[in-house]
Protein chains: 2
Amino acid sequence: MSPDLARIIAMDTFDVRFPTSRELDGSDAMNPDPDYSAAYLVLRTDSPDELAGHGFTFTIGRGNDVQVAAIEALRSHVVGRSVDELCADPGLVSRSLVGDSQLRWLGPEKGVMHMAIGAVVNAVWDLAAKRQRKPLWKLLADADPEWLVSQVDFRYLTDALTPAEALDLLRRGKEGREEREDALLRKGYPAYTTSPGWLGYSDEKLARLAREAVAAGFAQIKLKVGADLDDDIRRCRVARSVVGPHVRMAIDANQRWNVDDAVAWVGALAEFDPYWIEEPTSPDDILGHAAIRDAVAPVKVATGEHVQNRIVFKQLLQAGAIDVLQLDAARVGGVNENLGILLLAAKFGVPVCPHAGGVGLCELVQHLSMFDYVALSRTTQDRVIEYVDHLHEHFTAPVVIRDGHYVAPTVPGFSADMERASLTAYTYPDGAFWVADRAAVPGPSAAEGSDDTPRDSLGVRA
Amino acid sequence: MSPDLARIIAMDTFDVRFPTSRELDGSDAMNPDPDYSAAYLVLRTDSPDELAGHGFTFTIGRGNDVQVAAIEALRSHVVGRSVDELCADPGLVSRSLVGDSQLRWLGPEKGVMHMAIGAVVNAVWDLAAKRQRKPLWKLLADADPEWLVSQVDFRYLTDALTPAEALDLLRRGKEGREEREDALLRKGYPAYTTSPGWLGYSDEKLARLAREAVAAGFAQIKLKVGADLDDDIRRCRVARSVVGPHVRMAIDANQRWNVDDAVAWVGALAEFDPYWIEEPTSPDDILGHAAIRDAVAPVKVATGEHVQNRIVFKQLLQAGAIDVLQLDAARVGGVNENLGILLLAAKFGVPVCPHAGGVGLCELVQHLSMFDYVALSRTTQDRVIEYVDHLHEHFTAPVVIRDGHYVAPTVPGFSADMERASLTAYTYPDGAFWVADRAAVPGPSAAEGSDDTPRDSLGVRA
């Protein structure tokens with residue numbers, strides 16, 4: 001078959017869950033026991049090149065099956081379509097999915113259905129980048145500004161950003177592009193780490209991990225706060241004393257507070273010089289963030305990992321509600337919507353410091369920040385990508401961190417491919433890990449039990 | 001078994017779909033071909049009274065299966081629980097569902113998962129009202145203010161509404177309660193009708209239905225707009241000429257516009273004296289609604305049917321973005337969240353004119369407005385409930401409209417019970433209607449075909 005006749009012939013889905021709650025990795029004030037999970041999909045084609053597009057939504061356990069069902073509801077929009085056509089214009093898929101009038105009712109453009117759209121759209125971009133034999137960041141950085149603008153949905157954006165303004169920003173982004181690409185390949189992109197700061201860790205573990213983070217070259221760490229003020233004061237004191245005055249220390253409340261609580265709590269932690277307060281309140285509360293920002297300055301306000309779409313980001317910027325925009329690669333409608341969000345941030349001059357962690361979020365989002373640096377914002381000043389050292393071993397091209405920086409990926413695609421053995425072992429409830437787990441741990445829900453049985457590299461018990 | 005030991009023993013779910021797209025009932029600028037559907041659930045108990053709690057999410061077709069999957073993901077939160085305990089405090093269920101930290105990741109408090117929570121919470125309220133042998137509006141109107149305040153989740157609200165303020169509003173709502181309840185039972189609650197104004201209708205059908213609406217006692221009608229300006233001008237002229245200058249004529253763009261489009265389009269229709277412009281832009285765009293409202297006054301701005309939760313309503317009120325708050329009984333997290341929204345509207349003095357139509361939304365939402373009148377806002381001035389004459393025959397206690405008013409229901413419960421025969425016939429894809437449909441209409445999707453075959457009262461072909 002000639003490649004130009006190739007079609008998407010199947011969308012395979014997987015409900016993949018990892019038992020992270022047992023170690024309190026990822027524990028914070030709102031999410032005490034996450035089981036990091038992925039509603040994962042593979043777009044298969046009948047092209048002789050045998051390339052496939054991979055994408056996923058990150059969840060934290062229960063409900064991952066609902067997310068898989070939502071992805072499956074989108075199957076008819078992609079299966080049967082021309083691979084060449086989709087890869088030449090991923091916006092086709094994005095528009096088709098966002099524009100499905102019946103499915104739109106279930107959002108619109110938010111929650112389970114919108115994240116499902118993002119997973120499918122990202123899988124198309126992964127396939128497109130693999131076919132161009134480029135990592136996604138380079139595909140985007142090499143693209144014509146006109147084509148990039150055509151990939152953005154400007155509906156509900158034009159009062160803040162017009163297509164003409166977007167085009168200007170992208171044209172300006174071409175100036176000095178080669179130098180920045182060289183610098184990126186040489187030095188990587190700055191990272192910060194959340195690994196020391198999970199709420200479930202002891203002070204000793206916090207101190208040890210914070211010390212290790214600084215030694216490893218990170219210039220910023222992050223602590224979870226918001227469950228208990230006395231604990232937070234003690235933990236911030238421990239961390240600040242370990243990292244010294246010059247390492248930035250962000251704090252993250254994971255939406256725990258009302259507006260007044262946020263102002264008071266951040267005030268009580270001010271003596272430890274927090275760099276930003278992340279998710280002080282509901283991600284939906286634009287005006288609340290603006291009020292908090294007014295009150296807690298010079299502590300910066302950051303949010304984004306739960307911001308549902310470009311329309312809310314637009315307003316956070318219009319209202320002067322945030323100092324730091326934390327886009328997430330798998331929360332909104334995929335690369336197309338994230339291009340719009342990066343353009344909004346560039347227009348308003350607000351730095352983008354993406355949310356990552358979870359399963360595979362570091363792998364995805366590095367591409368967006370690297371494109372932003374090379375071809376849009378033209379700087380890494382005050383910009384860092386979150387890094388958490390979880391679950392990277394399950395990916396075929398995991399992120400590489402060196403001297404506190406993400407090393408620019410060179411493998412073609414969006415770095416979304418999970419190892420086939422991991423997909424198989426951790427598929428819930430019938431993968432080998434979960435079958436073995438139920439056999440070993442009695443009770444209604446294995447995930448609730450504690451478990452010290454040795455495991456092999458896939459986590460399957462020996 | 002003694003009633004106080006009764007438990008919820010099962011949650012049955014149904015994917016119910018009606019083929020409304022064939023008649024263009026419900027067609028608007030964003031939803032050209034809805035198949036009105038319900039993701040429906042029944043909570044069964046082992047109580048000797050054999051009462052069951054019914055609830056549902058309204059959708060418009062594709063994706064109703066995803067919505068059912070989301071409802072099923074909540075099963076473990078209700079099945080096995082004490083009926084007495086839940087009915088004495090439905091907030092228990094609401095808090096348990098909204099607070100599930102793993103499921104929360106899929107929103108938070110928005111989209112598919114939040115609507116599923118609303119369906120389950122509403123089913124508990126239905127059961128509670130049936131057990132008290134009261135229609136829900138009366139259960140709420142009779143309740144102690146302190147208890148009602150305990151049913152509201154004030155998280156993310158206190159910068160606009162505190163529990164103490166809510167208590168004051170509800171206590172004030174008790175003054176003159178008996179007189180208003182008498183008036184409600186005598187006269188009903190004012191309605192307006194959208195039936196004439198669907199985009200898919202001819203001018204002749206529009207004129208005929210508008211004339212009939214006025215003759216039937218409605219003091220307000222609504223027209224869908226936003227697909228084509230020339231068509232809208234013509235249709236508004238037809239409607240205004242038929243209803244005369246004194247009947248209020250609302251227009252509804254169903255989110256079709258960007259901010260600038262909305263201002264220009266409403267300006268072009270101003271000569272027909274529209275009463276409100278509904279959903280001029282994205283329901284997420286608080287600041288956009290505020291800008292539109294500034295520009296189109298004295299035309300009022302209304303929104304709410306797609307507003308995801310109390311936090312967005314709070315901001316719409318804080319920003320002065322709306323003149324009319326259109327709550328929906330089945331979009332947010334159920335009665336508990338709608339109590340919070342009614343209290344916010346009362347605090348800000350903005351009239352609530354609920355969204356209805358669809359499947360069963362009229363049946364549900366009348367209870368909330370009637371409670372609002374009797375025990376909170378104390379007035380029906382400038383307040384109307386939407387009415388559409390669709391699909392009421394499928395409910396065991398359908399709404400009754402008399403002289404342009406909703407007659408106050410007296411049947412115990414939340415009026416959510418669908419006829420068992422309808423549930424069975426329209427369950428997708430294996431109910432009798434859909435099986436017969438596939439047998440009669442060749443092609444990939446029966447719902448896309450036209451169909452003039454006579455049907456019996458359930459819509460099953462003769």
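1. A charge is taken to sit over a ring if NZ of Lys or CZ of Arg lies within 6 Å of the ring centre and within 35 degrees of the ring normal. In this predicted model, the charged end of A:K205 sits over the ring of A:Y201, at 4.0 Å from the centre of that ring.

2. A further contact of this kind involves A:K347, whose charged end sits over the ring of A:F348, with 5.7 Å to the ring centre; because the limit on that distance is 6 Å, the value of 5.7 Å for A:K347 and A:F348 falls within it.

3. Turning to contacts between rings, the model holds 32 aromatic pairs, counted over all chains. One of them joins A:Y428 and A:W434, whose ring centres are 5.2 Å apart and whose planes stand at 85 degrees, in an edge-to-face arrangement. Since planes over 60 degrees apart count as edge-to-face, the 85 degrees between A:Y428 and A:W434 places the pair in that class.

4. In chain B, the rings of B:Y428 and B:W434 have centres 5.2 Å apart and planes at 85 degrees, so this pair is edge-to-face.

5. As for solvent exposure, A:Y428 is partly exposed, at a relative accessible area of 33%, whereas A:W434 is buried, at 3%. In chain B, B:Y428 counts as partly exposed at 34% relative accessibility, while B:W434 is buried with a relative accessible area of 3%.

6. The pair in chain A also belongs to a wider grouping, in that A:Y428 and A:W434 form one aromatic cluster together with A:F18, A:Y426 and A:F433.

Key. Residues are numbered from 1 along each chain as its sequence is written. Chains are lettered from A and ligands numbered from 1 in the order in which they are written. This is a predicted model: local features need pLDDT of at least 70, side-chain atom pairs count only at pLDDT 80 or more; totals for chains, interfaces and linings use all residues. Side-chain values use heavy atoms; hydrogens and water are left out. Rings of Phe, Tyr and Trp (its six-membered ring) pair if their centres lie within 6.5 Å; planes under 30 degrees apart count as stacked, over 60 as edge-to-face and the rest as tilted. Buried means under 20% relative accessible area, exposed over 50%, partly exposed in between (1.4 Å probe, protein chains only).
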